[in-house]
Amino acid sequence: VLRGGRGRPGGLAAVLEALGPALEQVVQTMSFTHQDITAALTDRVPLGKTNREGRADGMRAFKSSPGYEITFSLLNPDPKSHDLHWDIEGAVKGYIQPLLDKLTPIANFSVDSQILYYAILGVSPRHDASIDGYTLSADSLPHVINPVEARLGSNAASSFPVLNFLLYVPDAPHSPLYIRDHSGKTVPTNAFHSPRWGGIMVFNVQEHYGEEPRFPVHINIDMVRVMGVFLAQLRLLLGIQQVQAPPGFLLQSPGNEGVTDWELDRLLWARTAENIATATTTLTSLAQLLEEIGNIVINDNIAEQVYSAVVSLQLAVAELEAGNLAFAFQASKEAILSSERAFFDPSLLHLLYFPDDQKFAIYIPLFLPMSVPILLSLLKIAGEYRKRRSERVKTD
């Protein structure tokens, strides 16, 4: 192409012309599209306006938050048979922490771990003679979470969302245990994830038994295999969507960081759009509240917060149009904080939860019993007055 051919000039212009359609496909794949916007605003877009894939992506990921808590739990339902050891500290440092460091501009993360003994699943697996093991069907997976969640002991005092990652080692009588999808096929990773909650992986250890096992069997868990699954689930739950490369192209590998620069840009776009929509909705709700309650008084603090939220929203939109994603995201976060401070101001809460109709509902039962004797007395006085007036007419 550079040298040219018969009737066709060469050079850089010819190269760009030849690569134009291919480059357009690559750029479109790595850019923030309309589908990504609808996925980020799933809760605010009607059902008919989004496709099934986009809605699934939006419902899977956690909503935007200043911070997240990540909890890794090892479930050992049979400690008499299995002596489990896992290097969770080293695994988090090598596989999870690089991703969290890359996502520091978006949110703060805290990581903890725990081991739960005698923690069983909420459903009984079925024996399958064809694989000489036990299986969990896709329909039974939603019933697994609730019984296990009661044992997790998540930090209830925190206002941040909690991402739970559970590694379940089946007890000896129910080993090996496999997860099957809706088509009845065995899931290769032997794991599944629940939208806006976390993921569970079943780790079979029957190969450690040997011919004549002595219980409890000492088992070192393969953290490379486990963290490969948990890292993929963590990416999905944080909103880093899987993108299919155009035919004939390969996408850049995230490497040790767990996320590429263009994936981080797409995530910043999505979070900024979500924050702008959330702040706008909060301010709209506040405006509707002011219209409905006529005797409401707005102090200077609320007015300043509303003004700050509007300015931050305008700045976020301007920075987003200019392509300054980091500044746009920070401005959108400030817009959310200011709008929520204004909406949840203590001076508005008593009016928000005590409108005029509730005032009537409270005071009418108090004044109605007092008004009944007064009305009866007035009726009695009116009756006596009519009676005396009629007697006077008859006398005349």
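Reader: At what angle do helix α4 and helix α6 pack?
Author: This is a predicted model, with residues numbered from 1 along each chain as its sequence is written; local features need pLDDT of at least 70, side-chain atom pairs count only at pLDDT 80 or more, and totals for chains, interfaces and linings use all residues. Side-chain values use heavy atoms, leaving out hydrogens and water. Helices (H or I, at least four residues) and strands (E, at least two) are DSSP runs numbered from the N terminus. Helix α4 covers residues 88–102, helix α6 covers residues 223–237, their axes lie 10 Å apart, and the packing angle is about 30°.

Reader: Are α4 and α6 roughly parallel or roughly antiparallel?
Author: Axes are lines fitted to C-alpha atoms, for helices over the stretch in contact, and angles run from 0 to 180 degrees between N-to-C directions. Under 35 degrees counts as roughly parallel, over 145 as roughly antiparallel, 65 to 115 as roughly perpendicular, and the rest as oblique. The angle here is about 30°. The two helices are therefore roughly parallel.

Reader: How many nonpolar residues does the contact of α4 with α6 have?
Author: From α4 come I88, A91, V92, Y95, I96, L99 and L100, and from α6 come M223, V224, M227, L231, L234 and R235 (contact: heavy atoms within 4.5 Å). Ala, Val, Leu, Ile, Met, Phe, Trp, Tyr, Cys and Pro count as nonpolar, Asp, Glu, Lys and Arg as charged, and the others, Gly among them, as polar. The contact has no polar residues, 1 charged residue and a nonpolar count of 12.

Reader: Which helix gives the largest share of the largest nonpolar core?
Author: A nonpolar core is a set of buried Ala, Val, Leu, Ile, Met, Phe, Trp, Tyr and Cys residues joined through side-chain atoms within 4.5 Å. The largest has 55 residues, and F72, L163, L167, I221, M227 and L234 have the most contacts inside it. At least two residues each come from elements including β1, α4, α7 and α8. The largest share, 8 residues, comes from α6.

Reader: Which residue of α6 is touched by F72 and also has many contacts in the core?
Author: F72 touches W86, I88, V92, I96 and F165, among others. On the α6 side of the helix contact stands M227. That residue is listed among those with the most contacts inside the core, and F72 touches M227.

Reader: Are α8 and α9 roughly parallel or roughly antiparallel?
Author: Their axes come within 8 Å and cross at roughly 160°. That angle makes the pair roughly antiparallel.

Reader: How many charged residues are in the contact of α8 with α9?
Author: Residues meeting there include Q305, S312 and E319 of α8, and F327, E334 and R341 of α9. The nonpolar count is 13 and the polar count is 6. The charged count is 3.

Reader: Which proline follows F215 through a cis peptide bond?
Author: The loop between β9 and β10 holds this proline. Omega is about 0°. The residue is P216.

Reader: Is N190 buried or exposed?
Author: N190 lies in the loop between β7 and β8. Its phi is positive, about 55°, although it is not a glycine. Buried means under 20% relative accessible area, exposed over 50%, and partly exposed in between (1.4 Å probe, protein chains only). At 5% relative accessibility, N190 is buried.

Reader: Is D132 buried or exposed?
Author: D132 sits in the loop between β4 and β5. Phi of D132 is near 55°, again positive in a residue other than glycine. At 59% relative accessibility, D132 counts as exposed.

Terms used. Lists of a residue's contacts leave out its neighbours within four places in sequence.
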